[in-house]
Structures are given as C-alpha cells and as structure tokens.
Amino acid sequence: MEQELKKIKLEAGEEIEKVEDKKSLAQLKLNYLGKNGKLTAILKGMRDVPSEDRPRIGALVNEVRTFVEEAFSAKERELLQKELEEKLQNEKVDITLPSKGSKRGALHPVASMTDRLIDICVNLGFSVVEGPEIESDYYNFEAVNTPKSHPARDMQDSFYFTDNVLLRTQTTAVQARAMETMKPPFKIIVPGKTYRNDSDATHSPMFNQLEGLVVDENVSMADLKNMLSIMMKRLFGEDTCVRFRPSYFPFTEPSIEVDVSCPQCHGKGCKLCKNTGYLELLGAGVVNPKVLDFNGINSKKYKGFAFGIGIDRASMLFTGNTDMRSLFKNDIRFLKQSR
Ligand code: DAH
C-alpha cells in the first residue's frame with residue numbers, strides 16, 4: 001500500500017502538471033478524488049491495514065491526499081488566470097481606432113428661441129417667473145380685466161375642465177399672480193405653454209408664449225417701445241425695422257401690436273411675409289390701471305407696461321418656416337434642417 005501511495009503521488013503530480021484545460025482537469029480530479037477514484041479506493045482499503053501499521057499508513061494517506069488536493073487547486077488557479085489573461089487579450093478595445101461617426105444633436109427650434117428670448121430679457125434686467133398651465137378662470141381672464149361677459153373671451157377658444165378651471169390660454173394669467181405677490185418695482189418674464197382650441201398652418205392647440213411685465217413709477221409707452229425695439233434688434237439683427245400699430249387688449253390701455261421687418265427678405269417682400277415686408281410678432285401695451293388696482297397695486301403711484309410674444313411664431317420667422325404644425329410633428333428631417 002505504501003508503494004501504491006507513493007506511485008499515486010508521483011503520477012498525480014505529473015499528470016496534473018500536464019493538463020492544459022479545465023475540462024480535462026475536472027476529469028482527472030474525478031479519477032483521483034471522485035467516488036471511484038484511486039485515492040478514494042485506498043482510503044476505503046484502510047480497513048484492511050493491520051492496526052500496528054495504521055498510524056504510519058494513515059499519516060501517509062493524509063499527506064498524499066493533501067498533496068494531490070493542493071496540486072489540483074494550484075492547477076485550477078493557474079488555468080483560471082490563463083483564461084482571464086486570454087480573455088483580456090482577445091477583448092482588448094483599441095481606443096485609438098477612429099469612430100464610425102456620431103450624429104450631432106441640437107435643440108428644438110422652439111427651445112432655442114425660448115433660450116434666446118430669455119437671454120435677451122435677462123440681459124435687460126428681467127427675472128424669470130413661472131405659473132401653472134392648468135389655471136383658474138379667475139387668473140386667466142377675470143383678474144386681467146376680462147370678466148365673464150367680456151367679448152374678448154371670444155378671441156380665445158378655451159379648453160375648460162370645469163366652469164372655473166381651464167388650460168391657460170395666455171401667459172398673461174401669470175401677470176395677475178405676480179402683481180398679487182410681488183412688491184413693485186419689478187420686471188418679470190414668463191415663458192411657458194399655452195392652449196387654445198385652434199389648429200391650422202399658423203395655429204397649434206398647444207403653443208408657447210413669453211409674457212413680459214414691468215411695474216414701476218413713471219414707466220410709459222415710450223419706454224415700452226424703446227425696450228421692444230432693442231429686443232427685436234437683438235433677436236433678428238441690428239438692421240431690423242420695428243412697426244407699432246394700435247390694437248386692443250383688455251389688460252392694456254393703450255394697446256399695440258408690433259411687427260418686425262421680415263427676417264427672410266429684409267422688407268423686400270417674400271412668401272413668408274406675403275409680400276408685405278413685415279410680420280406681426282407680438283401684442284403689448286401700457287398696463288390698464290384697472291388691472292393694477294384689481295390686483296392690489298396702487299395705480300396712482302405705479303404704472304406698468306406689458307408684452308406677449310408668440311415664441312413658436314418667432315422661431316418660424318427666424319427659420320422661414322411657414323407651417324407651425326411642423327414644429328410639433330417630431331419629423332427628424334425637419335429637426336435636422338433647423339440645426
Ligand atoms: N395675451 C395676449 C394674447 O395671448 C398677448 C398680449 C398682448 C400679452 C398684450 C400682453 C400684452 O402682456 O400687453 O394674445
């Protein structure tokens with residue numbers, strides 16, 4: 001048995017050394033240490049060893065078993081390491097290879113126009129304020145001098161949830177909220193989504209406005225006109241001409257509408273401006289004193305001016321696009337064009 005054990009030790013050492021893959025190693029392990037393995041057989045045979053030889057043979061058996069087990073573990077570690085190294089070698093990524101070309105993204109035309117307008121206004125000293133898109137009839141109409149029976153409500157076909165709750169039709173609603181909470185003097189702009197039941201080439205049921213409101217002592221129509229001229233020139237270029245026409249809004253008195261010379265043809269006349277050379281861009285006016293008083297600002301002391309720009313419209317003029325619906329179709333070809 002002693003001979004047998006020494007032979008096993010020697011052979012196992014040699015055989016394990018030669019193995020080169022995990023599968024053969026597992027098989028070899030079974031041959032020695034498995035249920036019917038060579039060493040297992042010897043262990044079973046211990047029963048027949050005379051008792052005086054048992055301690056010596058027993059120690060030898062243990063020694064050989066430990067040796068064989070460790071040899072297997074060492075080989076297993078070695079193969080694992082080899083496998084890992086091969087994997088690292090094969091899966092190496094060459095970061096110096098040129099890429100297949102990546103697609104450049106861009107802001108949506110409405111988002112980039114919003115950013116431009118906000119930039120211009122913040123430079124002129126305005127702070128940005130927001131309000132809810134689901135609004136009460138009170139803020140959307142009532143508090144800006146448009147009571148229930150007012151004919152101006154017909155100009156805006158609204159989406160009502162209940163008699164008193166609607167999707168705001170104008171960011172002007174936030175004017176009343178600001179007057180309620182802010183102490184004059186203040187200068188605010190309100191960019192945001194607005195909703196009207198209207199859909200054709202120049203109207204979308206959801207559109208974007210930028211409201212402006214200045215409240216201070218001694219502000220006038222002259223200040224408003226000056227500020228709008230500066231804004232339009234910064235937006236469309238220094239050579240832009242700005243035209244003011246009298247108009248009507250319930251919340252301003254007097255009210256004006258503002259046209260800019262067509263950014264596409266520079267006033268010569270083209271398809272975009274229907275050969276008029278000008279495009280209507282925004283409404284504005286001196287805040288109606290009724291609105292100031294109604295919302296808790298003393299109109300004897302304070303005056304105000306306000307304006308409301310259609311952001312989608314501004315972005316269309318900027319890019320020469322004549323169909324507002326294209327802005328919201330998410331057609332990648334259109335979005336690429338406006339990059
Ligand atoms: N709220 C108006 C609209 O949606 C736009 C507007 C006109 C806003 C005059 C104003 C303003 O602040 O003074 O048609």
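Here's a quick briefing on the ligand site, the domain layout and a few unusual backbone spots. Keep in mind that this is a predicted model. The ligand sits in the largest pocket, and the protein covers 92% of the 350 Å² of accessible area that the ligand has on its own. As for the overall layout, the chain splits into domain 1 (2–91) and domain 2 (109–338).

**Who surrounds the ligand**

- The shell around the ligand is made up of 15 residues, and Gln-170, Thr-172, Arg-196, Gln-209 and Glu-211 come nearest.
- Sorted by class, that shell has eight polar, five nonpolar and two charged residues.
- Three strands each supply at least two residues of the shell: β5 (206–216), β8 (278–287) and β9 (303–310).

**Polar contacts to ligand oxygens**

- Gln-209, one of the residues that come nearest to the ligand, has a side-chain N or O atom 2.8 Å from a ligand oxygen.
- Gln-175 also points something polar at the ligand, with a side-chain atom 3.1 Å from an oxygen atom there.
- With Ala-306 it's the backbone that takes part: one of its N or O atoms lies 3.3 Å from an oxygen atom of the ligand.
- On the ligand's own 350 Å² of accessible area, the protein's cover comes to 92%.

**Domain layout**

- Domain 1 runs from 2 to 91, and domain 2 takes in 109 to 338.
- Measure from C-alpha centre to C-alpha centre, and the two domains are 86 Å apart.

**Cis peptide bonds**

- As background, most peptide bonds are trans.
- Going from Pro-184 to Pro-185, the peptide bond is cis, with omega near 5 degrees.
- You'll find Pro-185 in the loop that links α7 (173–181) and β4 (186–195).
- The bond from Glu-253 to Pro-254 is cis too, this time with omega near 0 degrees.
- Pro-254 isn't in a loop; its place is in strand β7 (residues 252–261).

**Positive phi away from glycine**

- Again as background, most residues other than glycine have a negative phi.
- His-266 isn't a glycine, yet its phi is positive, at about 55 degrees.
- Lys-274 does the like, with a positive phi of about 50 degrees despite not being a glycine.
- Where do they sit? His-266 is in the loop between β7 and β8, and Lys-274 is in the loop between β7 and β8 as well.
- At one end of that loop is β7, the strand that holds Pro-254; at the other is β8, one of the strands that supply shell residues around the ligand.

Methods: Residues are numbered from 1 along each chain as its sequence is written. This is a predicted model: local features need pLDDT of at least 70, side-chain atom pairs count only at pLDDT 80 or more; totals for chains, interfaces and linings use all residues. Side-chain values use heavy atoms; hydrogens and water are left out. A residue is near a molecule or strand if one of its heavy atoms lies within 4 Å of it. A polar contact is a pair of N or O atoms within 3.5 Å; within protein, one must be able to donate a hydrogen and the other to accept it, and residues adjacent in sequence count only if both atoms are side-chain atoms. Accessible areas come from the Shrake-Rupley method with a 1.4 Å probe; for residues, only the protein chains shown count as cover. On a 1 Å grid over the protein atoms alone, a cavity is a set of points where a 1.4 Å probe fits but cannot get out, and a pocket is an open set with protein on both sides within 12 Å along at least five of seven lines; lining residues have an atom within 4 Å of a point. A molecule sits in a cavity or pocket if more than half of its atoms lie within 2 Å of its grid points. Helices (H or I, at least four residues) and strands (E, at least two) are DSSP runs, numbered from the N terminus. Ala, Val, Leu, Ile, Met, Phe, Trp, Tyr, Cys and Pro count as nonpolar, Asp, Glu, Lys and Arg as charged, and the others, Gly among them, as polar. Domain bounds come from an automatic or database domain assignment.
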